[in-house]
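New to this one? Have a look at the chain first, and then we'll walk through it together.

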Amino acid sequence: MSKILIAYSTVDGQTRKISHQLASEIKGEVEVKKFEEIDSLDDYGKVIIGSSIRYGKFPKKLFRFVEKNKTSLEEKQADFFGVNLIARNPEKCLVENNVYVRKFVEKTSWKPNEVVIFAGALNYTTYNLFDKKMIQLIMKITEGPTDASVDLEFTNWEDVSSYADKVNSEAK
Ligand SMILES: Cc1cc2nc3c(=O)[nH]c(=O)nc-3n(C[C@H](O)[C@H](O)[C@H](O)COP(=O)(O)O)c2cc1C
């Protein structure tokens, strides 16, 4: 079986946590690396890319990575997973209902083989004051939790396992 790469970017660690969980559930040899640690995709038969949303945007390093490796990503039928908090509502785990991921897929010239969305985490206690206030405001508007003394993880680990199963069933 060919080697699998999970390439990710993270700010608070949730996309890294999801990437490592996937790696533990995907059969065969799986490497987990940040975008900036990757020079070439030549060693891998399959690539999975994960990235999180901050203030409505995926990071520039995601776009740079995709642009640089577009041909290989298409050859290797790479998948994409997006992590964000609106996906705490299961309806927003569908690409057509998740504005960030839908726009990403529309904007990039790369067409991922599979696109999945996982809910992220709310780490109020680690945010700086500005982010804490902003996130509280967004949560108030979207009827989410506003108690800044409590951290919450919304990631549905069963969804993560289901995606890992899918990767395993398609493995060459
Ligand atoms: C400053 C900040 C801005 C965020 N902006 C959004 C947003 O616009 N929409 C959203 O759904 N989630 C937003 N999130 C939630 C993150 O996507 C979520 O916390 C995710 O788990 C972060 O993943 P990471 O730790 O891998 O970076 C934001 C989080 C922070 C801290």
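## Buried or not

A residue counts as buried when its relative accessible area is under 20%. By that cut-off, 44% of the 172 residues of the chain are buried. Keep in mind that you're looking at a predicted model.

## The overall build

The chain has six helices and seven strands. Follow the sequence along and you'll meet them in the pattern β-α-β-β-α-α-β-α-β-β-α-β-α.

How does the chain fill space? Its C-alpha atoms fit a box of roughly 45 × 30 × 30 Å along the principal axes. The radius of gyration is 16 Å, which agrees with the value near 16 Å for a compact globule with 172 residues. As for who touches whom, take the contacts with a separation of 6 or more: 74% of them come from residues 24 or more positions apart.

## The outside and the charges

About 9,300 Å² of the chain is exposed, and carbon and sulfur atoms supply 50% of that. The chain also carries 26 positive and 26 negative charges, and the mean positions of the two sets are 6 Å apart.

## A closer look at Thr 155

Now zoom in on Thr 155, which you'll find in the loop between β7 (152–153) and α6 (157–170). Is Thr 155 buried or exposed? Its relative accessible area is 7%, so Thr 155 is buried, given the cut-off of under 20%.

What does Thr 155 touch? Leaving out residues up to four places away in sequence, its contacts are Gln 14, Ile 18, Ala 119, Gly 120 and Val 160. With Ala 119 there's a polar link too: a polar atom of the Thr 155 side chain lies 2.7 Å from the backbone oxygen of Ala 119.

Note on methods: Residues numbered from 1 in each chain as written. Predicted model: local features only at pLDDT ≥ 70, side-chain atom pairs only at ≥ 80, totals over all residues. Heavy atoms only, no water. Helix = DSSP H or I, 4+ residues; strand = E, 2+ residues; numbered from the N terminus. Buried < 20%, exposed > 50% of the residue type's maximum accessible area, 1.4 Å probe, protein only. Polar contact = N/O pair within 3.5 Å; in protein donor to acceptor, adjacent residues only side chain to side chain. Contact = heavy atoms within 4.5 Å. Rg over C-alpha atoms; globule rule 2.2 N^0.38 Å. Areas by Shrake-Rupley, 256 points an atom, 1.4 Å probe, with all protein chains shown as cover. Lys, Arg positive; Asp, Glu negative; His and termini not counted. Charge placed at Lys NZ, Arg CZ, Asp CG, Glu CD.
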